[in-house]
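User: Please examine the structure shown below and answer a series of questions on its cavities, its helices and selected residues.

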Amino acid sequence: MHSFQFTAESSSDGVRERDFSLGDVPGVLWSPAAGSDPAPLVLMGHGGGTHKKHAAMTGRARLLVTGCGFHAAVIDAPGHGDRPRSAHDEQEIAELRKVQAAGAPEGPVVVPFNARLAGLALPEYRAVLDALQELPEIGADGPVGYVGIGLGTAIGVPLVAAEPRITAAVFGMMWPDALAEAAKQITVPIEFAMQWDSERIPRESCLALFDAFASTEKTLHANAGKHFAMPLFEADSATRFFARHLGRAVASAA
């Protein structure tokens with residue numbers, strides 16, 4: 001296995017940010033700036049077309065660190081961020097742009113594209129989890145969660161289904177076609193967020209994926225609005241969800 005190493009570090013407002021690499025897979029780990037006792041870890045998956053330091057990732061990470069004292073980590077998905085696109089990536093992205101311009105359904109293009117990326121990313125996430133759990137501030141026995149919307153769900157559902165170390169997860173906004181069978185294997189607590197009026201993913205698709213999870217504790221958050229209008233308070237809700245299930249109280253905003 002390729003070696004894990006930190007490549008850059010900074011700190012601000014009580015949050016320590018460390019870039020890392022595992023072979024050619026780049027990622028970032030956010031941690032409390034003070035304190036060295038082991039704390040829970042939340043793995044994150046970014047959305048399609050974005051990257052590990054997108055505002056949605058840095059915002060979620062800071063909530064988890066400052067609100068719960070957790071660690072949060074994310075890697076660039078294949079063909080995203082600092083990772084080069086393959087010819088296959090370029091071909092599928094071009095096809096997606098064609099169907100978007102024509103106003104045609106995106107699912108027939110996005111579902112197999114995301115499934116291919118998920119197949120590549122799953123062993124990468126498991127290897128990164130192995131490496132992070134060797135850090136004394138995380139440890140091998142601490143709780144682990146996962147959060148990802150869109151592409152983050154396409155990667156996260158098979159990851160959580162395959163990875164017994166992950167004991168709580170937040171998903172949302174994805175077609176069920178390539179994920180339903182893996183979702184049926186998931187029994188850990190789930191929170192699922194969707195946009196009721198999404199112009200990209202029909203509400204019936206999100207509802208079908210939510211229904212597929214075998215978890216006895218699962219909660220659906222259906223928000224009015226278009227695809228990219230998910231309320232910021234969903235990130236706060238996810239933080240409270242992980243605080244309940246991974247064992248830390250959320251810090252008061254007062």
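Analyst: A cavity is a set of grid points where a 1.4 Å probe fits but cannot get out. The model considered here is predicted.

User: How many cavities of 30 Å³ or more does a search of the whole structure find?

Analyst: The search covers the whole structure and applies a lower limit of 30 Å³. The number of cavities found is 4.

User: Which element gives the most to the lining of the largest cavity?

Analyst: The largest cavity holds about 50 Å³ of space. Its lining consists of V111, N114, A115, A154, M174, W175, A178 and L179. With 3 residues, the element that gives the most to this lining is helix 3.

User: Which element gives the most to the lining of the largest pocket?

Analyst: The largest pocket holds about 1,200 Å³ of space. It is lined by 45 residues, and G47, G48, T50, I149 and F228 lie nearest its centre. Two or more lining residues come from each of helix 1 (55-68), helix 2, helix 3, strand 6 (144-148) and helix 7 (233-246). The greatest contribution, 5 residues, is that of helix 1.

User: What distance does helix 2 reach from its first C-alpha to its last?

Analyst: Helix 2 spans residues 87-102, which gives 16 residues. At 1.5 Å a residue, the expected value is 22 Å. Close to this expectation, the reach in the model is 23 Å.

User: Why do the buried residues of helix 2 lie on the same side, and what arc do they cover?

Analyst: The buried residues of helix 2 are D89, E92, I93, L96 and V99. They lie on the same side of helix 2 because the arc they cover around the axis is only 125°.

User: Against which element do the buried residues of helix 2 pack?

Analyst: Helix 2 has a face turned away from its buried side, and that face carries the exposed residues A87, Q91, K98, A101 and A102. The buried residues, in contrast, pack against helix 3 (107-132).

User: Which residue just after helix 2 takes a positive phi?

Analyst: The position in question follows directly after helix 2, and its phi is about 70°. The residue is G103.

User: Is D13 buried or exposed?

Analyst: D13 lies in the loop between strand 1 and strand 2 (15-22). Its phi is near 50°, a positive value in a residue other than glycine. The relative accessible area of D13 is 70%, and exposed means over 50%, so D13 is exposed.

User: Is M173 buried or exposed?

Analyst: M173 is located in the loop between strand 7 (166-172) and helix 5 (180-183). Its phi, near 55°, is positive although the residue is other than glycine. The relative accessibility of M173 is 3%, and the cut-off for burial is under 20%, so M173 is buried.

User: Which residue provides the backbone oxygen that the side chain of S11 reaches?

Analyst: S11 is placed in strand 1 (residues 4-12), and its relative accessibility of 53% makes it exposed. Not counting residues up to four places away in sequence, S11 touches R16 and A33. The backbone oxygen that its side chain reaches, at 3.4 Å, belongs to V15.

User: With which side chain does the side chain of E137 make a polar contact?

Analyst: E137 sits in the loop between helix 3 and strand 6, and it counts as buried at 14% relative accessibility. Not counting residues up to four places away in sequence, E137 touches R18, S36, D37, P38, A39 and H71. The side-chain polar contact, at 2.9 Å, is with R18.

User: With which side chain does the side chain of E234 make a polar contact?

Analyst: E234 belongs to helix 7 and is buried, with a relative accessibility of 5%. Not counting residues up to four places away in sequence, E234 touches R60, E191, A193, H221 and N223. At 2.9 Å, the polar contact between side chains is with H221.

User: What distance separates the C-alpha atoms of E234 and W30?

Analyst: E234 and W30 are 204 residues apart along the chain. In space, their C-alpha atoms are separated by 20 Å.

Note on methods: Residues are numbered from 1 along each chain as its sequence is written. This is a predicted model: local features need pLDDT of at least 70, side-chain atom pairs count only at pLDDT 80 or more; totals for chains, interfaces and linings use all residues. Side-chain values use heavy atoms; hydrogens and water are left out. Helices (H or I, at least four residues) and strands (E, at least two) are DSSP runs, numbered from the N terminus. The expected span of a helix is 1.5 Å times one less than its number of residues. Buried means under 20% relative accessible area, exposed over 50%, partly exposed in between (1.4 Å probe, protein chains only). The arc is that of the directions from the helix axis to the C-beta atoms. Contact means heavy atoms within 4.5 Å. A polar contact is a pair of N or O atoms within 3.5 Å; within protein, one must be able to donate a hydrogen and the other to accept it, and residues adjacent in sequence count only if both atoms are side-chain atoms. On a 1 Å grid over the protein atoms alone, a cavity is a set of points where a 1.4 Å probe fits but cannot get out, and a pocket is an open set with protein on both sides within 12 Å along at least five of seven lines; lining residues have an atom within 4 Å of a point. Grid points are joined across faces, edges and corners, and a volume is the space filled by probe spheres set on the points.
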